[in-house]
Every structure is written in structure tokens, then in C-alpha cells.
Amino acid sequence: MQVVDVNDVKIYNLSSGKSLPDWISERKRRSMVKNDYDLQKRIQLLQDFEMPTAATKLNLSPDGQYILTAGVYKPRVRCYDVQELSQKFERCMSSEVVNFEILSDDYSKMVFLQCDRYVEFHAKHGFHYRTRIPKFGRDLAYHTFSADLYLVGASNEVFRLNMEEGRFLAPFVTDAASINVCQLNKELNILMLGTSEGRVMCWDPRSRSPVATLDLAKVPAVAEYAPSIATPLEVSCLTLRGQTNMALGTSWGQVLMYDIRTTEPYMVKDHQMELPIKQVAFHAQQEHVLSADSKRLKIWDENTGKLFTTVEPDTPINDFAVVPETGLVLMANDAPKSQVFFLPSLGPAPRWCSFLDSLTEEMEESPEATVYDDYKFLTKTELANYGL
């Protein structure tokens with residue numbers, strides 16, 4: 001386990017250390033673990049928490065009992081049971097998963113949006129049904145009360161698939177060139193759409209018409225970057241919390257915090273990397289926001305924007321999720337091994353791995369020696385005195 005101190009915040013990388021190849025025998029595996037001290041010290045929080053090539057998407061079930069990841073190659077989805085700390089099942093697919101949604105409290109009902117325009121439904125036993133949409137999809141959202149599945153992508157239309165009737169309904173037609181992300185505000189019953197022109201459009205599913213539009217290019221903190229960045233401004237991710245709080249990630253590497261009752265953001269956080277924001281999440285226990293581009297994950301104060309700490313994995317970030325009310329962060333990386341980080345300052349360990357709290361406390365009480373503990377640093381004056 002690797003420990004890093006960034007901004008006086010300890011970050012425990014639970015995925016660091018050696019890993020054993022899959023092709024060796026169980027007898028050889030036990031022998032290597034017995035004779036290798038580094039293998040004995042490693043912490044494997046979730047058994048086989050990895051993909052053959054890379055993990056693209058990660059999600060937690062609403063009941064908090066299962067972790068689901070999608071990756072390549074070959075395209076597949078894996079489910080992990082947190083009570084057993086191991087993989088529960090694996091299902092291979094015919095094409096790569098762009099995004100997926102968990103429709104039930106556990107893994108018994110799921111829908112996958114794939115890169116070849118197919119929408120695939122899975123039940124507890126496995127594959128259930130698949131259908132196709134007219135345009136390539138980028139995101140999806142499920143409306144629980146009407147049983148409508150909203151699908152957006154390389155089109156100005158929002159496709160609606162009613163799960164109760166089992167048929168497509170008339171789509172919502174917008175004035176956008178394409179739509180990157182969609183989220184449903186369940187308290188206000190409003191569908192939020194993030195477009196490729198840098199706008200956020202709010203649609204009321206009951207009236208089938210837009211109720212408001214927000215143009216990010218008119219925000220002064222965003223507009224000042226326009227002359228220096230050649231790529232167009234797009235909404236790359238959108239996250240909602242409660243009735244009024246909304247976080248927007250842009251393709252220019254900025255995070256804008258909104259109260260949807262106003263048109264001006266109350267906080268703008270710049271990653272200063274000019275990389276698209278991959279994901280934004282709110283921390284329920286503390287007033288912190290987690291935002292990630294492909295290089296780093298930043299944790300900062302929601303009201304002041306003050307940086308809390310930064311997590312920089314060795315491999316690019318594709319997606320992340322934080323276990324609610326804890327300090328455990330799970331990452332889907334562009335590498336076979338998915339990363340797991342634990343930040344005690346952010347929150348306690350989850351119930352299913354409560355041993356992390358006592359483990360980190362023991363490590364703080366007995367700190368390990370660093371590489372410079374047996375060295376003495378000399379000044380230029382001392383070097384001259386020694387004739388060096």
C-alpha cells in the first residue's frame with residue numbers, strides 16, 4: 001500500500017504493489033506469496049478488480065451492495081459484491097459500453113448503451129433484450145415515475161423508450177447540433193441536457209417543451225479562455241444534487257457550480273489543464289466537490305473553491321465514484337488495474353471494509369522509514385569546508 005501526503009492530506013493507494021499473473025497455477029501462486037514480502041504486504045480490497053485492457057465506466061448500486069464496472073477488451077461488465085469483497089459475475093458483450101444505468105436497487109435490472117447504437121437490457125439471470133436507436137448514443141437517463149428511458153447522442157433529438165409499454169415514444173426535438181449528457185432532476189421532474197455548443201437545456205417531460213436554457217459561453221470566467229483555446233466549448237458532464245444544486249464540467253477543464261434558480265455560477269473551479277472534465281461528484285458528508293479530468297482528481301471546497309487535495313494516479317482516468325459518506329474513491333482507469341484510494345480526512349471507511357480505519361491508524365502510529373532517513377543534507381558552505 002502506497003501512502004502519499006498531498007496538501008497535508010494522507011492518500012492511501014490500495015491498488016499499488018505487485019500483482020500475480022492469471023496464468024500461473026494455484027500452487028505456484030501460494031509459493032510466490034509465501035516467499036515474496038511485497039506480495040504479503042499488498043492489500044487486495046476487491047478481488048480481481050480489473051479489466052483485461054481498460055475500464056471505461058464505473059457505477060455503484062443504489063443499495064450500496066454492488067460495484068459494477070464496464071471495460072474492454074473484449075467488451076464486458078463485471079459485478080463485485082462488497083460483502084464478499086470479490087467478483088460476483090462477469091458478462092461479455094458484442095460491443096463496447098458507452099454508458100449504463102442501474103434501474104433497480106441491486107444488479108437485477110440494468111440497461112447498457114453501446115457504441116454501435118444498440119441498447120441492451122439485462123435482468124438478474126443475464127441478457128434480456130436489445131434494441132437500436134437511430135443515432136449513436138452518448139448518455140442515458142431513466143425516469144422512474146413514467147418508466148421512460150431517455151437516450152441522447154449525435155443528434156438534436158432526445159429518444160424516449162417507454163419501459164412499461166415496450167415501445168418508442170415521439171422524441172423531444174431540440175435546436176442543438178448534438179447532446180453530450182443528460183440528467184433527470186427527480187425532485188422537480190426536469191430533464192437537464194448538456195449540448196455540444198456549451199449550453200444546458202431544461203425540458204419538462206410533461207409539457208414536452210424546454211423551460212429554460214443556460215449558455216456557458218456568456219459566463220465571464222469561461223469567456224476569458226475563448227481566445228486561447230482552439231477547441232469549441234462543450235458540456236462534458238453534468239451532476240445534480242437535491243433540487244437546486246448543479247455542477248457542470250466543460251471541455252475546457254472548468255467546473256461551474258450553479259443554483260438553478262440563478263443564471264450565474266456561484267463557484268467556478270479551473271483544473272488548469274485544458275482537458276475535458278470526465279466526472280463531477282458531491283460528497284454528502286462534507287461540503288466538498290470531487291472533479292476529475294484524465295490526469296488528476298481534485299477535491300475542493302464547494303463554497304470557497306479552496307483545494308483540499310489532489311489524487312494523481314499513474315494511468316489516465318476514465319471514470320470515478322465515491323462511496324457515499326466515506327473516504328473511499330474508486331476509479332476506472334485506462335489500464336487493466338482499476339485504482340482504489342482511501343482518504344481518512346475525507347470520511348471513514350465503508351462498513352464492508354471497516355478494517356481500513358484501524359490499518360491506517362496503525363500506519364500513522366508507526367511511520368515507515370523514508371529513503372532519506374539515513375542521509376544528511378549539506379549546505380554549500382559545509383561542502384566547501386569538506387573540500388568537496
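Strand β23 is joined to β24, which covers residues 288-292, by four bridges, and the two run antiparallel. One of the matched positions is easy to pick out: Val-280 has Ser-291 of β24 as its bridge partner. All of this comes from a predicted model, so it is best read with that in mind.

The pair belongs to a bigger arrangement. Four strands, in the order β23-β24-β25-β26, make up an open sheet with antiparallel pairing. At its edges sit β23 (279-282) and β26 (307-311), each with pairing on one side only. On average, neighbouring strands in this sheet are turned by 15° against each other, direction ignored. As a general point, the strands of a sheet pair through backbone hydrogen bonds, in either a parallel or an antiparallel way.

Another antiparallel pair turns up earlier in the chain. Here β3 pairs with β4 (residues 66-72) over six bridges, and Lys-57 stands opposite Ala-70 in β4. The two strands form a hairpin with five residues between them, and within this hairpin Gly-64 takes a positive phi near 75°. Strand β3, spanning residues 54-60, is mostly covered, with six of its seven residues buried. In a regular strand, side chains generally alternate between the two faces of the sheet.

Now for the surface. Leu-378, Leu-383, Tyr-386 and Leu-388 come together there as a nonpolar patch, and their accessible area adds up to about 430 Å². Leu-383 is part of helix α5, which takes in residues 380-385. How does Leu-383 count, and why? Its relative accessibility is 31%, so Leu-383 counts as partly exposed; the buried class stops under 20% and the exposed class starts over 50%.

Stepping back to the whole protein, the secondary structure comes to five helices and 29 strands. Of the 388 residues, 50% are buried. The exposed area is about 19,500 Å², with carbon and sulfur atoms supplying 48% of it. Contacts across the sequence can be summarised too: among those between residues at least 6 apart, 41% join residues at least 24 apart.

Technical notes. Residues numbered from 1 in each chain as written. Predicted model: local features only at pLDDT ≥ 70, side-chain atom pairs only at ≥ 80, totals over all residues. Heavy atoms only, no water. Patch = residues over 30% accessible without salt bridge, like charges linked within 9 Å, V, L, I, M, F, W, Y side chains within 5 Å. Areas by Shrake-Rupley, 256 points an atom, 1.4 Å probe, with all protein chains shown as cover. Salt bridge = Lys/Arg side-chain N within 4 Å of Asp/Glu carboxyl O. Buried < 20%, exposed > 50% of the residue type's maximum accessible area, 1.4 Å probe, protein only. Pairing = 2+ DSSP bridges. Axes fitted to C-alpha atoms, helices over the stretch in contact; angles between N-to-C directions. Contact = heavy atoms within 4.5 Å.
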